[in-house]
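Please walk through this model from its charged pairs to its overall make-up. Keep the structure in view while reading.

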Amino acid sequence: MNKEMKETLDKVAVYEGWVKQKALKAGNLAFASMFVISVLAIIIQMLLTVDIRLVLGETATALVGGILYASIMVYNGIWDKCLPKSATIWRDFLTSVICAGIFTVIYGVCLFRMGATETQITRLALGFLIGITIVAFIILRLLAFINRKRNQNLSNVQEKKEISLSKAEWTKIYNAQNIVETEQLVEMLKQNGIAAFSQEAGANVAMHGAPGFGIYGVDIFVKTDDAEKAVQLIKKINNQENEENF
């Protein structure tokens, strides 16, 4: 692939990524707007009627929508937007406190309209605030944990696929005795249009001979599709050398 083609493909990839991010932001904004409007409608009705039974259906719908949205975000691995762990913890804590505070105020107003004393309102509202904050924080951290685990699993799967493809793409065809023979054979293969590279055999073993020469020789690898052709070329060269020596 020439340089211009590579640069063009890189630009296309960047543009596609930008389009996906823009679509994601638009979808998040649309859902957030609808969710906030629904919650505000529920809150207003509760304050006016002080009867939670009248808003049970709307509340259930909002909860199901929120759970579905969170599930989709986690499934796609974009719940925390790859933020650092410390940043997500702080964000989740603030979100929990703010949401719990809003619902605590509503709860306090409902208690007041129901005839509760100031002492009762303070005690119940404080307990409600702490409880909702803890529950919300645990849920958000659980979602972040699942999101990170999913991203890690996807990364591991992708890495295994790449390793598998890499192993399947290249095939060892010959074990040369030394670096000189290896360089000659690799150069010959390249001149015949066959991509090749060498790797010291037994490189993962601690024992080695002189620098640059492994006691196990040097392995030569070629593309799997070119393996048969490469083997025939090497055999031909070896036969010619044997004839010359004879």
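Across the whole structure, a search turns up 3 salt bridges. The model is a predicted one, and every value here is computed from it.

Start with Asp-92. Its side chain meets that of Arg-91 in a salt bridge, at 3.0 Å from N to O. The side chain of Arg-141 also meets Asp-92, at 2.8 Å from N to O. This second pair links distant parts of the chain. Arg-141 sits in helix α4 (residues 118-169), Asp-92 sits in helix α3, and 49 residues separate them. Taken together, Arg-91, Asp-92 and Arg-141 form a linked network of salt bridges.

Which members of this network are buried? Arg-141 and Asp-92 both are. Asp-92 has a relative accessible area of 2%, so it counts as buried, the cut-off being under 20%. Arg-91 has a relative accessible area of 28% and is therefore partly exposed, since that class lies between the buried limit of 20% and the exposed limit of 50%.

The remaining salt bridge is elsewhere. Here the side chains of Lys-172 and Asp-219 meet at 3.8 Å, N to O. This pair, too, links distant parts of the chain: Lys-172 belongs to strand β1, Asp-219 belongs to strand β3, and they are 47 residues apart. How accessible is Lys-172? Its relative accessibility is 48%, which counts as partly exposed. Asp-219 is buried, with a relative accessible area of 8%.

That pair leads into the sheet. What is the order of its strands? The sheet is open, has 3 strands and runs β1-β3-β2, with antiparallel pairing. β1 (170-176) and β2 (196-200) each have a single partner strand, so they stand at the edges, and one side of each is left without a neighbour in the sheet. From one strand to the next, the twist averages 30°.

Now look at the pairing of β1 with β3. Strand β3 covers residues 218-223, and 6 bridges join β1 to it in an antiparallel arrangement. Thr-171 offers one place to check this: its bridge partner in β3 is Val-222.

A helix covers these strands. Helix α5 (residues 179-191) lies across β1, β2 and β3. Its direction is at about 10° to β3.

Return to helix α3 for a surface feature. This helix spans residues 85-113 and contains Phe-93. Phe-93 is partly exposed, with a relative accessible area of 38%. Phe-93 also belongs to a nonpolar surface patch of about 660 Å². The other contributors to the patch are Trp-90, Leu-94, Val-97, Ile-98, Ile-102 and Phe-103.

Finally, step back to the chain. Its secondary structure comes to 6 helices and 3 strands. Along the sequence, these follow the pattern α-α-α-α-β-α-β-β-α. Of the 246 residues in the chain, 21% are buried. The accessible surface comes to about 17,700 Å², and carbon and sulfur atoms hold 65% of that area.

What share of the contacts with a separation of 6 or more comes from residues 24 or more positions apart? The share is 70%. Two of the salt bridges above also link distant parts of the chain: Arg-141 with Asp-92, and Lys-172 with Asp-219.

Definitions and conventions:
Residues numbered from 1 in each chain as written. Predicted model: local features only at pLDDT ≥ 70, side-chain atom pairs only at ≥ 80, totals over all residues. Heavy atoms only, no water. Pairing = 2+ DSSP bridges. Helix = DSSP H or I, 4+ residues; strand = E, 2+ residues; numbered from the N terminus. Axes fitted to C-alpha atoms, helices over the stretch in contact; angles between N-to-C directions. Contact = heavy atoms within 4.5 Å. Patch = residues over 30% accessible without salt bridge, like charges linked within 9 Å, V, L, I, M, F, W, Y side chains within 5 Å. Areas by Shrake-Rupley, 256 points an atom, 1.4 Å probe, with all protein chains shown as cover. Salt bridge = Lys/Arg side-chain N within 4 Å of Asp/Glu carboxyl O. Buried < 20%, exposed > 50% of the residue type's maximum accessible area, 1.4 Å probe, protein only.
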